[in-house]
Amino acid sequence: MEGEQVYVDWRGNAADERRHGGVRATVFLYVLFMLRSCSNSSNFTVVAYLHGTLHLDIVTSSTVIGYLVGTVMISAALMNFISDACMIKRTTAIFVFGPCVILGYMLLALQAHFPALHPETCAIDEEPNSCEAARGWKLTLLYLGLFMFAVGEGCMRACVPSLGGDQFSDSDPKKPQLRSTFLTRLKLANSIGAMIGLAFLVWIENNLGWDIGFMTCALAVLVGLLVAASGCPFYRMQKPSGCGSPLTRTLQVLITSSNQKSAANVDDIELQDTNTQGHVFKSGTNQADETRVLIQMLPIFISCFLVYLPFVLLMTLTIQVGRAMDRGAGAIQIPSAASLIAIPTAFHTLMQPCYDRILTPLLRTATGHQHGATPLQRIGAGSACGIAAACVAALVEARRLNVAEQRGLTTSTGTGVPALSVFWLVIQFFLLSVMDTASFGGLAEFIRSEAPSAMKSIAPAVQSCVAGLAAWSCCAFIHLVNRMTRSGGGGDGGWLDGTDFNRARLDRFFLSLGAFELLALVNYTFWARRYARKLRRVSTVV
């Protein structure tokens, strides 16, 4: 509970508000987050490394990115739960797990540098079916490097914002405003770091090599951790006390409920439906109330899991297919496929301030809602943008394949389609950015607005957990679709077999993602309306 939290300095002594915490302490965290984002911004560019250096096929490359994104999110969720349960200092978590990012980058750099650790160099864009792909221990080294990176990245993503929030005293009446300002500036630092990374690190990877690029990323994270460590004398840290998180208390209630039911004491602990005037357990404890709310929200979480599933595949495949398009438009020239990530990153950087300062006031005028739209409406709007992005992606891909067929590239070895500009992908990148901002942000806002005060702190953890499970599940989805289309194709390969995008049927796969997202939206709408009706009934009774 908030009143039971004890804050100490880096030596374990009671924190002094005159010397510890405040705005001064957050400056070190801004630097760490910016440098972390600087190297992290090139994560999706790893797709180009997987395809161009390791020669992995379309399905394997997409699967690797799905596992990477999912592991980052699940690591962040676990660290959020652990730190929220007061089991470990956030500074301890950052400086113990943060170096895993450096080790991960170093393993990737070693693999990119030494020829024995990656397949023989091959011009995969000219001869996509003649290059040997990484296998066995070479692939294991890749997975190990990415896993170590994901664990450290997830930890920093979870702990740095929370540690910054701890720097403001509960006794300060301006604490909510100061914490909000900190989070806004932290997002700005994240955006600045991402743009620097795209302008600088991607250039290094393109011109000096992936090994130099990965080592530069490791160096950036090392400098960030050293700067953050230099701020330890100024931090106020939450003392580990094992106070328990809302998740822990919920599990305790469920276990107690299960044990008492087995003892035939059902009437004392059975959960009541929300229709019965909002009563949950007859015992009326706070733990039972938190459990009731969590169970009510569970269908929304599962529905969001389905809504999020196509996102990583749409983003990854869109970046990959850019390799098979003309990367120039007049005087504008994108140096390589790895640089394509600059387009969605720029959109994402601009999307949140545009939403907060332009769209929200307009929606507030139209709807009368304080935030312009309810969190449930934001999630639904994001899902609709996901459907539109999949449909646009299918149309653009069909057009690209048509141009490739006209030029005879579906039967030759070349993969480029110079008649079709990569800037055709801008529309789907924009829609995916809207989906990211609306749906992902909407779920976190939904938890904060609907959950009891004791559960609000787990909003980022639940959001990360849902997104991480969706990213992992998309790996099974792409394998399943490819296998089904392979077995039913009359002897032909699956839609995504091989490394040649001119022979793949990404247009059909994008349509399947759009159909899945449509079904997910229908399912989400059903549960969202049901949840809203329950809230109205409860408020009427009260």
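Select His369 to begin: this residue sits in the loop between α12 (342-367) and α13. Helices in this tour are DSSP runs of H or I with at least four residues, strands are runs of E with at least two, and both are numbered from the N terminus. His369 counts as partly exposed, at 27% relative accessibility. Here buried means under 20% relative accessible area, exposed means over 50%, and partly exposed lies in between, with a 1.4 Å probe and protein chains only. Which residues are in contact with His369, leaving aside its neighbours within four places in sequence? They are Arg364 and Thr374, where contact means heavy atoms within 4.5 Å.

The model is predicted, so local features need pLDDT of at least 70 and side-chain atom pairs count only at pLDDT 80 or more, while totals for chains, interfaces and linings use all residues. Residues are numbered from 1 along each chain as its sequence is written, and side-chain values use heavy atoms, with hydrogens and water left out.

**The whole chain**

Next, display the full protein chain, which has 16 helices and 4 strands. Of its 542 residues, 52% count as buried. Among contacts between residues at least 6 apart in sequence, 81% join residues at least 24 apart. The accessible surface of the chain comes to about 24100 Å², and 62% of this belongs to carbon and sulfur atoms. Such areas come from the Shrake-Rupley method with a 1.4 Å probe; for residues, only the protein chains shown count as cover.

**Salt bridges**

Side chains of opposite charge can pair when their charged atoms come close. A salt bridge is a side-chain nitrogen of Lys or Arg within 4 Å of a carboxyl oxygen of Asp or Glu, and by this rule the count comes to 8. Select Arg36 and Glu153, whose side chains meet in a salt bridge at 2.3 Å, N to O. Arg36 lies in helix α1 (residues 23-40) and Glu153 in helix α6 (residues 137-166), so the pair ties together parts that are 117 residues apart in sequence. Both residues are buried. Add Arg157 to the selection: Arg36, Glu153 and Arg157 are linked in a network of salt bridges.

Keep Arg36 in view and select Phe33. Arg36 lies over the face of Phe33, at 4.2 Å from the ring centre. A charge sits over a ring if NZ of Lys or CZ of Arg is within 6 Å of the ring centre and within 35 degrees of the ring normal. Arg236 is placed over the face of Tyr7, at 4.0 Å from the ring centre.

Move then to Arg400 and Glu397, which form a salt bridge at 2.8 Å, N to O. How far apart are these two residues in helix α13 (residues 375-406)? They are 3 residues apart, and are therefore separated by about one helical turn. Arg400 is buried, with a relative accessible area of 0%, and Glu397 is buried at 2%. One further salt bridge to select joins the side chains of Asp16 and Arg19, at 3.8 Å, N to O.

**Aromatic pairs**

Rings of Phe, Tyr and Trp (its six-membered ring) pair if their centres lie within 6.5 Å; planes under 30 degrees apart count as stacked, over 60 as edge-to-face and the rest as tilted. The structure holds 15 such pairs. Select Phe477 and Phe509: their ring centres are 6.1 Å apart and their planes stand at 55 degrees, so the pair is tilted. Phe477 lies in helix α15 and Phe509 in helix α16 (residues 506-541), so the pair ties together parts that are 32 residues apart in sequence. Both Phe477 and Phe509 are buried. For a cluster, select Tyr49, Tyr105, Phe149, Trp210 and Phe214, which ring pairs link together.

**His55 and Asn482**

Select His55, in the loop between α2 (46-52) and α3 (58-84). Its phi is near 60 degrees, a positive value in a residue other than glycine. Is His55 buried or exposed? His55 is buried, with a relative accessible area of 2%.

The tour ends at Asn482, located in helix α15 (residues 459-487). At 4% relative accessibility, Asn482 counts as buried. Leaving aside its neighbours within four places in sequence, Asn482 is in contact with Val59, Gly494, Trp495, Leu496 and Asp497. The side chains of Asn482 and Asp497 are joined by a polar contact of 2.9 Å. A polar contact is a pair of N or O atoms within 3.5 Å; within protein, one must be able to donate a hydrogen and the other to accept it, and residues adjacent in sequence count only if both atoms are side-chain atoms. A polar atom of the Asn482 side chain also lies 2.8 Å from the backbone nitrogen of Leu496.
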